[in-house]
Amino acid sequence: TVFPDVDSLREQARGALTQAEYNVEDEYHTEGLYQYLARSQGLKGITCVMIVLNAIWIGIDTDWNHAPALYYAMPMFQVVESIFCAFFTFEIV
């Protein structure tokens, strides 16, 4: 037939709607400091703030830092870049 079976389509839709939503935190360990940090709302909030600040800093760095490499930049640029690097490395680990 040209048209698909309506009952089959309904069952597929119901199955898709009743499927549990994927949450990466379900894969975490249940004990320990790092799983606690990874699940904490505080770290998630700080990470969002750092992402926004990093985006703003990229604009500042692009406009005011004319050094060809970070090594030649003013200390302010080196320190702030190092802070962002350290934070995002901590977040990944």
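Biologist: Where should I begin with C85, and how far is its sulfur from the closest cysteine sulfur?

Modeller: The sulfur of C85 lies 19 Å from the closest cysteine sulfur, which belongs to C48, and that is too far for a bond. Keep in mind as we go that this is a predicted model. As for the general idea, a disulfide is a covalent bond that links the sulfur atoms of two cysteines. The cut-off for counting one here is 2.5 Å between the sulfurs.

Biologist: And what is the closest cysteine sulfur to that of C48?

Modeller: Starting from C48, the closest cysteine sulfur is the one in C85, 19 Å away and too far for a bond.

Biologist: How many disulfides does a search of the whole structure find?

Modeller: The search gives 0 disulfides for the whole structure.

Biologist: Let's turn to charged pairs. How many salt bridges are found in the whole structure?

Modeller: To read one, look for a side-chain nitrogen of Lys or Arg within 4 Å of a carboxyl oxygen of Asp or Glu. Searching the whole structure turns up 3 salt bridges.

Biologist: Which residue meets R10 in a salt bridge?

Modeller: R10 pairs with D7, with 3.7 Å from N to O. Both residues sit in helix α1, which covers residues 6-18, and they are 3 residues apart, about one turn of the helix. R10 is partly exposed, and its relative accessible area is 46%.

Biologist: Which residue does the side chain of R14 meet in a salt bridge?

Modeller: The partner of R14 is E11, at 3.2 Å from N to O. R14 and E11 are again in helix α1, with their positions 3 residues apart, about one turn of the helix.

Biologist: How close are the N and O atoms in the salt bridge of K44 with E25?

Modeller: In that salt bridge between K44 and E25, the closest N and O atoms are 2.5 Å apart. K44 is in helix α3 while E25 is in the loop between α1 and α2, so this pair ties together parts that lie 19 residues apart in sequence.

Biologist: Is E25 buried or exposed?

Modeller: E25 counts as buried, at 16% relative accessibility; the cut-off for buried is under 20%. K44 is partly exposed instead, with a relative accessible area of 32%.

Biologist: What else can I look at around K44?

Modeller: Setting aside residues up to four places away in sequence, K44 touches E25, A38 and R39. Helix α3, where K44 lies, spans residues 41-64. You can also compare positions along the chain with positions in space: K44 and I92 are 48 residues apart along the chain, and their C-alpha atoms are separated by 12 Å.

Biologist: Which residue could I use to try that on another part of the chain?

Modeller: Try L70, which is found in the loop between α3 and α4. L70 and Y34 are 36 residues apart along the chain, and 32 Å separates their C-alpha atoms. Apart from neighbours within four places in sequence, L70 is in contact with F77, Q78 and E81. L70 counts as partly exposed, with 39% relative accessibility.

Biologist: Now the pockets. What is the volume of the largest pocket?

Modeller: The volume of the largest pocket is about 250 Å³. It is lined by 13 residues, and Y34, L37, A38, L43 and E91 are the closest to its centre. The elements giving two or more residues to this lining are α2 (33-39), α3 and α4 (75-92).

Biologist: Which element gives the most to that lining?

Modeller: That is α2, with 4 residues. By character, the lining of the largest pocket divides into 8 nonpolar, 2 polar and 3 charged residues.

Methods: Residues are numbered from 1 along each chain as its sequence is written. This is a predicted model: local features need pLDDT of at least 70, side-chain atom pairs count only at pLDDT 80 or more; totals for chains, interfaces and linings use all residues. Side-chain values use heavy atoms; hydrogens and water are left out. Contact means heavy atoms within 4.5 Å. On a 1 Å grid over the protein atoms alone, a cavity is a set of points where a 1.4 Å probe fits but cannot get out, and a pocket is an open set with protein on both sides within 12 Å along at least five of seven lines; lining residues have an atom within 4 Å of a point. Grid points are joined across faces, edges and corners, and a volume is the space filled by probe spheres set on the points. Ala, Val, Leu, Ile, Met, Phe, Trp, Tyr, Cys and Pro count as nonpolar, Asp, Glu, Lys and Arg as charged, and the others, Gly among them, as polar. Buried means under 20% relative accessible area, exposed over 50%, partly exposed in between (1.4 Å probe, protein chains only).
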